[in-house]
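Colleague: I have a new chain open on my screen and would love to talk it through with you. Shall we start?

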Amino acid sequence: VRTEAEGPLESGRLFMAPGAPFGRLFPLVDAVVLHGGLGTTSETIQAEIPAIITGVLLLDQRFWGARCSVLKVGPYGTHID
């Protein structure tokens, strides 16, 4: 994944960080691609930006992926192997 991200990272189109204060960061972006846990999903909804939930979609991730679709704040969760 890191190799494929090198181009967008170098051009400034992709930002990666080990951690961030979501309440301050999310209002500055157009959308968030996230794993679908309660914390990051609720921060995304509070920021009133689209939530794109993706990953292995286990347990609450499936719930939040479906919930975001119902709330019309993002597409139904997308599973990635």
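Colleague: What radius of gyration does the chain have, set against that of a compact globule?

Modeller: Keep in mind that this is a predicted model. With 81 residues, a compact globule would come out near 12 Å, and the chain agrees with that. Along its principal axes, the C-alpha trace spans about 35 × 30 × 20 Å. The radius of gyration of the chain itself is 13 Å.

Colleague: Thanks! In which order do the elements run from the N terminus on?

Modeller: There are four helices and three strands to place in the chain. Read from the N terminus on, their order is α-α-β-α-β-α-β.

Colleague: Which strands stand at the edges of the sheet?

Modeller: The sheet is open, with three strands in the order E1-E2-E3 and parallel pairing. Each edge strand has a single partner strand, so one side of it is left without a neighbour in the sheet. That describes strand E1 (32–34) and strand E3 (78–79).

Colleague: Nice. What angle does the direction of helix H3 make with that of E1?

Modeller: E1 and E2 run parallel and are joined by three bridges, and Leu34 stands opposite Ile53 in E2. Helix H3 (residues 38–46) packs on the sheet and touches both E1 and E2. Its direction and that of E1 make an angle of about 165°.

Colleague: One last thing: which residues make the nonpolar surface patch?

Modeller: One place to look is the loop between strand E2 (51–55) and helix H4 (60–70), where Leu58 sits. The patch covers about 330 Å². Its makers are Val56, Leu58 and Leu59.

Definitions and conventions
Residues numbered from 1 in each chain as written. Predicted model: local features only at pLDDT ≥ 70, side-chain atom pairs only at ≥ 80, totals over all residues. Heavy atoms only, no water. Patch = residues over 30% accessible without salt bridge, like charges linked within 9 Å, V, L, I, M, F, W, Y side chains within 5 Å. Areas by Shrake-Rupley, 256 points an atom, 1.4 Å probe, with all protein chains shown as cover. Salt bridge = Lys/Arg side-chain N within 4 Å of Asp/Glu carboxyl O. Helix = DSSP H or I, 4+ residues; strand = E, 2+ residues; numbered from the N terminus. Pairing = 2+ DSSP bridges. Contact = heavy atoms within 4.5 Å. Axes fitted to C-alpha atoms, helices over the stretch in contact; angles between N-to-C directions. Rg over C-alpha atoms; globule rule 2.2 N^0.38 Å.
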